[in-house]
Structures are given as C-alpha cells and as structure tokens.
Amino acid sequence: MKKIGSVVSAVVVLFSIFPIGCMYNQSPLPDRLLENEQISLNVSHDASAISDCDTLLITCIDYRFAVANQDFANDTLGLRDNYDHISIPGSIYNLVNPETRSLLFSKFALSVRMHLIKRVVIVSHRDCGAYGGSVAFGSEIAEYETLTADLKTSRGLFLEKYPTLKVESFLESLEKEGDQTKVKFEKIF
Ligand SMILES: [Zn+2]
C-alpha cells in the first residue's frame, strides 16, 4: 500500500501551528482579531470543578469532520464537552508507523496520566490526506481493510501499554444524501 508523505514531513505537520485541516479551504478573509486584542469565551460547564473527564478522543484534523466529531462526542457518546480531544493529521496514522510511534504515544500518555483516562475513542476517516486520500488505496475495500487494520493495531498498542483501558474505534465517511453531505460513523470495535 502506497502511503504518501515521509515520516519527517508527517512529524513536522503534526506539530505545526498552522491549521493544516483548512488547507483546502483557503479563505481570503483577514483575521478578525486585532493585534493584542483579548477575547474570553464561556465554557459549557464548570471548568473549575474537579474533572471527571476520563475519555480521550483521537481524531484527524480534517476540517470536513470537525463539527461532526464534536457532535459525535457530545451527543452520541454523551460526553457533553467533558473529554480530552487530541486532533492530529491522520488520527492514529503515525501511531501505527513504528518510526513515529513513540512520539505519538508520549502525547497520548500525557493525557492518560494527567486525567486518569479510562477510555480511548479512536476515530479514523475515509479519504484521509495522511494516507494520500481514497485514491491511494485503489479500491473502497482496500481502503476499508487498511483503515480497520490500523485501528486494530492501535487498539493493541494501547492495551499493551494500558491493559485496563477501554478502547473503542469508529470509521467515519462523507456520504451524499440528496444535496446534503453527511458524516456517517461506523463502529469497528
Ligand atoms: Zn484525515
């Protein structure tokens, strides 16, 4: 399977401060905030309360899925903004890659340790740029097999390190319904 992008570029992208997820959405609009202007936003729950956050959500940064990912966590999983969310290019793509695995794990481990995470929810998606998009797979079946195999591998890696963790995984895809595009989630395990 041809996977586009070198390890080096993947790592650079991973820790880049630029919103890579919006790379296809080049807006000509300038920033709306003036220099040195400060803003404050309300949080949806009492952030000063002792956290009972015990779920870590791992998703790709792809902007097409960003809103759906939040709705999925808040409503479908019932987490209501009470979860850690790590959003990285390719979701667990660089965790599966042995050359970048330890770097990724160190980021995940921080969350697991700091918030006593008991449950990890991994979401991968079809047509992921980190894999070179759907075209890189040659067929829908090949894409499905690779993505689900990577989810399975990731689950094994987490359980190897944290045997008591509950690990769930989902595969999401964009599907046309009439003139609307919807995000569908499929539970893999
Ligand atoms: Zn992606």
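# Close-up views of the predicted model

**View 1. Aspartate 127, a loop residue with an unusual backbone angle.** With 17 C-beta neighbours inside 10 Å, aspartate 127 counts as partly exposed, because "buried" takes 20 or more and "exposed" takes 12 or fewer. Keep in mind for this and every other view that the model is predicted. You'll find aspartate 127 in the loop between E3 and H5. Its phi is positive, at about 60°, even though aspartate 127 isn't a glycine.

**View 2. Arginine 80, another non-glycine with a positive phi.** Here phi comes out at about 45°. Where does arginine 80 lie? Look in the loop between H2 and E2. Arginine 80 has 11 C-beta neighbours inside 10 Å, so it counts as exposed.

**View 3. The whole chain, to get your bearings.** Count along the chain and you should get five helices and five strands. Starting at the N terminus, they come in the order α-β-α-β-α-α-β-α-β-β. The chain has 189 residues, and 27% of them are buried. Now think about who touches whom: of the contacts with a separation of 6 or more, 73% are between residues 24 or more positions apart.

**View 4. The open sheet of five strands.** Read across the sheet and the strands line up as E2-E1-E3-E4-E5, with mixed pairing. Which strands stand at the edges? They are E2 (84-87) and E5 (180-187); each has a single partner strand, so one side of each has no neighbour in the sheet. Ignoring direction, neighbouring strands are turned by 20° against each other on average. Helix H4 (residues 101-114) packs on this sheet, where it touches E1 (55-59) and E2. The direction of H4 makes about 175° with that of E2.

**View 5. The hairpin of E4 and E5.** As a reminder, strands of a sheet pair through backbone hydrogen bonds, either parallel or antiparallel. Which sense do E4 and E5 use? Strand E4 (residues 166-177) pairs with E5 in the antiparallel sense, over eight bridges. To spot one facing pair, find phenylalanine 170, which stands opposite lysine 187 in E5. Two residues sit between the strands of the hairpin, and in this hairpin glycine 178 takes a positive phi near 65°. As for burial, E5 has eight residues and the number buried is zero, so E5 lies largely in the open.

**View 6. The largest nonpolar core.** In soluble globular proteins, nonpolar side chains tend to be buried together. This core has 31 residues, and the ones touching the most other members are Leu56, Leu57, Ile58, Ile92, Val120 and Ile122. Lots of elements chip in: E1, H2, H3 (93-96), H4, E3 (119-125), H5 and E4 each supply at least two residues. The largest share, four residues, comes from E3. Zoom in on isoleucine 92 and check its contacts, leaving out residues up to four places away in sequence: you should find Ile58, Ile122, Ser124, Asp150, Leu151 and Ser154.

**View 7. Helix H2 (66-76), with a buried face.** The buried residues of H2 are Asn69, Phe72 and Ala73. Why do they line one face of the helix? Looking down the axis of H2, you'd see them fall within an arc of 90°, so they share that face. It helps to remember that an α-helix has 3.6 residues a turn, so residues three or four places apart point the same way. What covers the buried residues of H2 includes E1, E3 and E5. On the other side of H2, Val67, Asp71 and Asp75 are exposed. Just after H2 comes glycine 78, with a positive phi of about 70°.

**View 8. Helix H5 (140-161) and its two sides.** Try a quick ruler check: at 1.5 Å a residue, the 22 residues of H5 should span 32 Å, and the end C-alpha atoms are 32 Å apart, which agrees. Buried along H5 are Glu143, Leu147, Asp150, Leu151, Ser154 and Phe158. These residues cover an arc of only 100° around the axis, which puts them on the same side of H5. Their cover includes H3, E3 and E4. Which residues are exposed on the other side of H5? Look for Ile141, Ala149, Gly156 and Glu160.

Technical notes:
Residues are numbered from 1 along each chain as its sequence is written. This is a predicted model: local features need pLDDT of at least 70, side-chain atom pairs count only at pLDDT 80 or more; totals for chains, interfaces and linings use all residues. Two strands pair if DSSP finds at least two bridges between them. Axes are lines fitted to C-alpha atoms, for helices over the stretch in contact, and angles run from 0 to 180 degrees between N-to-C directions. Two residues are in contact if their C-beta atoms, placed from the backbone, lie within 7 Å. A nonpolar core is a set of buried Ala, Val, Leu, Ile, Met, Phe, Trp, Tyr and Cys residues joined through C-beta atoms within 7 Å. The arc is that of the directions from the helix axis to the C-beta atoms. The expected span of a helix is 1.5 Å times one less than its number of residues.
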